[in-house]
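Open your viewer and get ready to select residues by number. At each stop, you will read what to pick next and what to look for there.

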Amino acid sequence: MVQLVFYLPDLKIICLGVEMYSSAQTSFPVKTLCKISSKNTQNPPWIPTSLLLTKYPTLHHLNSCNSMKQLSQIHGVTIKTGIFGDNFVASRILSFSALSPNGSLPYSRLLFSHIRKPDIFTANTLFRAYAFSSNPIDAILFYIHLLESSNLRFDVHSFPLLLKACSEIPCLSFGKALHCQIYKLGFSTEVSVLNFLMQMYGYCGLKGSAKFLFDKIPEYDDASCNIMMGVFLRYGDFESACEVFREMPERNVVSWSVMINGYVQHSRFKEGLELFQEMLDKKVKPNESVVVNALSACAHIGALELGEWVEGYLRKKSFRFTVRVGTSFIDMYLKCGCVQKALKVFDEMEVKNVHAWSAMVGGLAVNGRGEDALKLFSQMDMNGVRPNEVTFIGVLNACSHSGLVNEGKMYFDSMTSIYGLQPNIHHYCCMVDLYGRAGLLNEAEEVIKSMPMTPNYAVWGALLNACRVHGDTEQGEQIGKKLIELEPNHSGRYVTLSNLYAVKGKWKDVAELRKVMRDRGISKTPGCSFIELKGRVHEFVAGDNSHPQSEEIYDKLDEMINKLKFDGYSPKTSEVLIEMEDEKKETALCRHSEKLAIAFGLINTEPGTTIRITKNLRVCVDCHSATKLLSKIYTREIIVRDRCRFHHFKDGVCSCRDFW
């Protein structure tokens, strides 16, 4: 907690508790959806009006200005000719510097200090720039500076920007102080101000206060509802958010976007996609935010058909494929195992930033095409695109999943020596995984000892998984206990340690550990698999009987097992880490969720059609072996995306080459 003390006129002494301040963007898009800007069709604020151009023809250069170098030349001319003394001229120069993507906030602040009599319009321009910057606290510091050094009277446009800055930090104590000023100056009935007061209280942890203000607004507008929905969704209160959404007389694209984003951010992907489809049924044209969130939902649950439909819809509507939208399509196709489609979108993109390249590199890596990922990284380098930390996570994953230990070490070292990037904990985790997968457990442990930061659960988890794969149960047991200390409420840590005990036949320890889980109210995450058919996502859990086609599915499953056994398949009952008879273990294995999903796919798709499955947990050894054989028996390509990577099964072979 950082305590900042300011002396403010009329507000006495206010201590600002700058809690959990981060320059990272928040989960929900309300802050960008409810900007206090005019419609996008209007000119940028630095473009002079025709009346101003008539008076000062020199300002026509602002129409084509696209860099600070050009702006400084225009600024110099206005000083030389004396017209900078006109606030209308000064405000246009400052607006470009403050608000243009090619501007400079420090230059704007310097400009402001040289304006002889700055007005509130110019001050609000800086408030806006600071509030939407990566350091919104600067808006508050600038406000305090003006209180101490000027006689400016803040207007109804000032406070929404300042409240937005408070929301971003977040800083409740200063937000309350602003609320007092708003009341004192007579702006407490202005809907635009009340909207951002609601957001401030909601983002600072007072959902009830936000709702209280919302209920007090006599005639709220669309922005009021959108902000209130965003606040509810921030706390996972979907029922209240839906109530506001459904009661809106008219729902614009922003309203749909807030709701869809809320579902996606809380991993309720199916509901988000259902709402997206309802939106299209209502003939509401999606904006970029809606498209990106819909594609994210498709990516997470492997809804390829819907993702492909979205692409066709957007192309039909001549929707502009921005870098952000293009990157979302790349991510979606890669997470659905469609590498060629992702490459096609990538190749078609006229502009590719580091995010697009990184998505492609990382996606190739998890799809078992490590060598291709490294070739693309080299191409990225030759194209002059500087890699970032995310790029190297993809590169190191490519090496890890392909067993390229020496190459991985080389790329890790190059981060610092060539690109000037300091490896973070994610990169060290990749190195532990790289050595661990290759069975070099001592080297993996040495990486952990050499880390400049404290290893977290992910790092220890990577080593624990390596111990499990390579049979080092003694070291694995020690790490498992350490992980439970680090994450006492994470069910996966107990399950992994329980599995290690079971492999050693230590059933008493298994029972004791499961008793601890029960006593602590911790339940095992059930394995589930998703498969999409005709735009609808079907979900299966182990031993599931709830699906309308259950009888057909189990008949098909019996057929699959018989054919597998005829081809030499023997269920790996060692994978069932519960003390029971072998016959029951075999039955349990045969009813794993991915086998049910495959049976469903075989029943409901044409021969030769690729079957795509998404699983929430890691694929077990038995299902991996069975699926390899099934791809050959039924002449099908079966793509399974598990928690860690993709497995492309075809002709009895997996793309992971049994190295996963």
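Begin by selecting residues 120–131, which form helix α6 in this predicted model. With 1.5 Å for each residue, its 12 residues should span 16 Å, and the end C-alpha atoms are indeed 16 Å apart, so the two values agree. Is α6 enclosed by the rest of the structure or open to the outside? It is largely enclosed, because 10 of its 12 residues are buried. Colour those buried residues to see them: I120, T122, A123, N124, T125, L126, F127, A129, Y130 and A131. Now show what covers them, which includes α4 (87–99), α5 (105–113), α7 (137–149) and α8.

Stay with α8 and select residues 158–168. Here E168 and K164 form a salt bridge, and their closest N and O atoms are 3.7 Å apart. Both residues belong to α8, where they sit 4 residues apart, about one turn of the helix. An α-helix has 3.6 residues a turn, so residues three or four places apart point the same way. Check the surroundings too: E168 is buried, and K164 is buried as well.

Just past this helix, select I169 and P170. A cis peptide bond joins them, with omega at about -15°. P170 is in the loop between α8 and α9 (172–185).

Next, pick residues 405–417, helix α23. Its 13 residues should span 18 Å at 1.5 Å a residue, and its end C-alpha atoms are 19 Å apart, which agrees. Highlight the buried residues of α23, namely V405, G408, Y411, F412, S414 and M415. Which helices do these residues pack against? Display α21 (370–382), α22 (389–402) and α24 (425–437) to find the answer.

Now for a pair of helices. Select α16 (residues 288–301) together with α18 (residues 323–335). Their axes come within 8 Å and cross at roughly 10°. Angles under 35 degrees count as roughly parallel, and α16 and α18 are therefore roughly parallel to each other. To see where they meet, show E288, S289, V291, V292, L295, C298 and A299 on the α16 side, and R324, V325, S328, F329, D331, M332 and K335 on the α18 side.

Helix α16 leads to the next stop, the largest nonpolar core, which has 172 residues. In soluble globular proteins, nonpolar side chains tend to be buried together. Select Y143, L197, M259, F329, M332, M360 and L463, the members of this core that touch the most other members. Helix α16 contributes the largest share of the core, with 9 residues. Zoom in on M360: leaving aside neighbours within four places in sequence, M360 is in contact with I330, L334, V339, A342, L343, F346 and L376. Apart from this core lies another one, of 30 residues, and you can find Y569, F649, C654 and C656 among them.

Time to look at charges again. Side chains of opposite charge can pair when their charged atoms come close. How many salt bridges does a search of the whole structure find? The total is 23.

For one of them, select K515 and D519, whose side chains meet with 3.0 Å from N to O. The two residues lie 4 residues apart in helix α29 (residues 507–519), about one turn of the helix. K515 is partly exposed, with a relative accessible area of 45%, while D519 is exposed at 58%.

Then move to K556 and E559, where the closest N and O atoms of the salt bridge are 3.1 Å apart. These residues are 3 residues apart in helix α30 (residues 550–566), which puts about one helical turn between them. K556 counts as buried at 19% relative accessibility, and E559 counts as partly exposed at 29%. After that, select E311, R315, K344 and E348 together: salt bridges that share partners join them into one network.

Finish with two backbone details. Select S267, in the loop between α14 (253–265) and α15 (269–281). Its phi is near 60°, a positive value in a residue other than glycine. The last pick is D651, in the loop between β7 (646–650) and β8 (653–654). D651 is not a glycine, yet its phi is positive, at about 55°. Is D651 buried or exposed? At 55% relative accessibility, D651 counts as exposed.

Technical notes: Residues numbered from 1 in each chain as written. Predicted model: local features only at pLDDT ≥ 70, side-chain atom pairs only at ≥ 80, totals over all residues. Heavy atoms only, no water. Core = buried A, V, L, I, M, F, W, Y, C linked by side-chain atoms within 4.5 Å. Buried < 20%, exposed > 50% of the residue type's maximum accessible area, 1.4 Å probe, protein only. Contact = heavy atoms within 4.5 Å. Salt bridge = Lys/Arg side-chain N within 4 Å of Asp/Glu carboxyl O. Expected span 1.5 Å × (residues − 1). Axes fitted to C-alpha atoms, helices over the stretch in contact; angles between N-to-C directions. Parallel < 35°, antiparallel > 145°, perpendicular 65-115°, else oblique.
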